[in-house]
Amino acid sequence: MSLPDLISPGRFIDSDAAPVIEFARAATAGLRGELETVLRLYRAVRDGIAYDPYVDFSDPANFHASGVLAARRGFCVGKSALLAAAARAIGVAARVGYADVRNHLTSPRLRAHFATDVFIWHSYADLQVEGRWVKATPAFDLALCSRVGLKPLDFDGRRDSLFHPFDREGRRHMEYLRDRGVFPDVPFAAIQSDFRAAYPGLMIGKALAGDFHAEATAG
């Protein structure tokens, strides 16, 4: 994985898409330092793009940075791709990482379709900030965290920011089970193959009905 691959546009981390460039520039307007611009991008993606797993998991648009930006909503894979693409659009090297996790934030509808609380290929962005690689997880937006009683996941640009293991009430929230490593672009074919095997109830060619923000529960 060479540095040019982590600055150049990819198929899914499409940092050359005009809306992605505009989004990145608007979010960081007036800022100069790399650390400050990356922090602003993180908050813009975390809170400006609603976390919503009620999407069509077979549709490539939900894995493309530009597709998630256009929809203004997405799940962890698409939101992390958007953060990586926005970072590349302003000259910051970025890649995407994945892990299998046990997720204790879900909804009855989503749990029924997953038939498990283990989510494979959970995604985060890995950004090169001031010469160091740091992980940033922009999935759960502030509005959702406030509604279900989770601490919003902060990112200071210097330390890895992955999911807090407990919510405000001390209930277990997210457990990392398996590290799948980092990639220069979203490994769409591998994710699709594994999703079809693990979650046949989700891979139905359409989005789940409902409002995840209204239905989500923690614990």
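1. A quick definition before the rest: a charge sits over a ring if NZ of Lys or CZ of Arg is within 6 Å of the ring centre and within 35 degrees of the ring normal. R95 and W133 fit that description, with the charged end of R95 placed over the W133 ring at 3.8 Å from its centre. Keep in mind throughout that this is a predicted model.

2. Now the sheet. Four strands make an open sheet, and reading across gives β6-β5-β3-β7, with antiparallel pairing. The edges are β6 (132–136) and β7, each of which pairs on one side only. From one strand to the next, the twist averages 30°. As background, strands in a sheet pair through backbone hydrogen bonds, in either a parallel or an antiparallel way.

3. If you want one strand pair to look at, try β3 (residues 94–103) with β7. These two run antiparallel and share 8 bridges. For a handle on the register, V101 stands opposite Y176 in β7.

4. Which strands does α4 lie across? Helix α4 crosses β3, β5 and β6, and runs at about 10° to β5. Helix α7 (residues 188–198) also packs on the sheet, where α7 touches β3, β5 and β7. The direction of α7 makes about 155° with that of β5.

5. S80 is a handy residue for looking at α4 from the inside, as S80 sits in that helix (residues 76–89). Is S80 buried or exposed? With a relative accessibility of 1%, S80 is buried, because the cut-off for buried is under 20%. Leaving out residues up to four places away in sequence, the contacts of S80 are V96, S123, Y124, A125 and P138.

6. On to the rings: the model has 15 aromatic pairs. Y54 with F212 is an edge-to-face example, at 5.5 Å centre to centre and 80° between the planes. Y54 belongs to the loop between β1 (50–51) and α3 (65–71), while F212 belongs to helix α8 (residues 212–215), so this pair ties together parts 158 residues apart in sequence. Y54 is buried at a relative accessible area of 2%, and F212 is buried with a value of 2%.

7. W121 and F183 give you a tilted pair, with centres 5.9 Å apart and 50° between the planes. W121 comes from strand β5 (residues 118–129) and F183 from strand β7, so the pair ties together parts that are 62 residues apart in sequence. How accessible are the two partners? W121 is buried, with a relative accessible area of 5%, whereas F183 is partly exposed at 24%. F183 misses the buried class because that class needs a value under 20%.

8. There is also a cluster worth displaying as a group. F12, F57, F63, F75, F119, F188, F195 and Y199 together form one aromatic cluster.

9. Last, K151, which takes us to a loop. K151 is placed between α6 (142–148) and β7 (174–183). Its relative accessible area is 45%, which makes K151 partly exposed. For a sense of scale, take F12, one of the residues in the aromatic cluster: the C-alpha atoms of K151 and F12 are 29 Å apart, with these positions 139 residues apart along the chain.

Notes
Residues are numbered from 1 along each chain as its sequence is written. This is a predicted model: local features need pLDDT of at least 70, side-chain atom pairs count only at pLDDT 80 or more; totals for chains, interfaces and linings use all residues. Side-chain values use heavy atoms; hydrogens and water are left out. Buried means under 20% relative accessible area, exposed over 50%, partly exposed in between (1.4 Å probe, protein chains only). Contact means heavy atoms within 4.5 Å. Rings of Phe, Tyr and Trp (its six-membered ring) pair if their centres lie within 6.5 Å; planes under 30 degrees apart count as stacked, over 60 as edge-to-face and the rest as tilted. Two strands pair if DSSP finds at least two bridges between them. Axes are lines fitted to C-alpha atoms, for helices over the stretch in contact, and angles run from 0 to 180 degrees between N-to-C directions.
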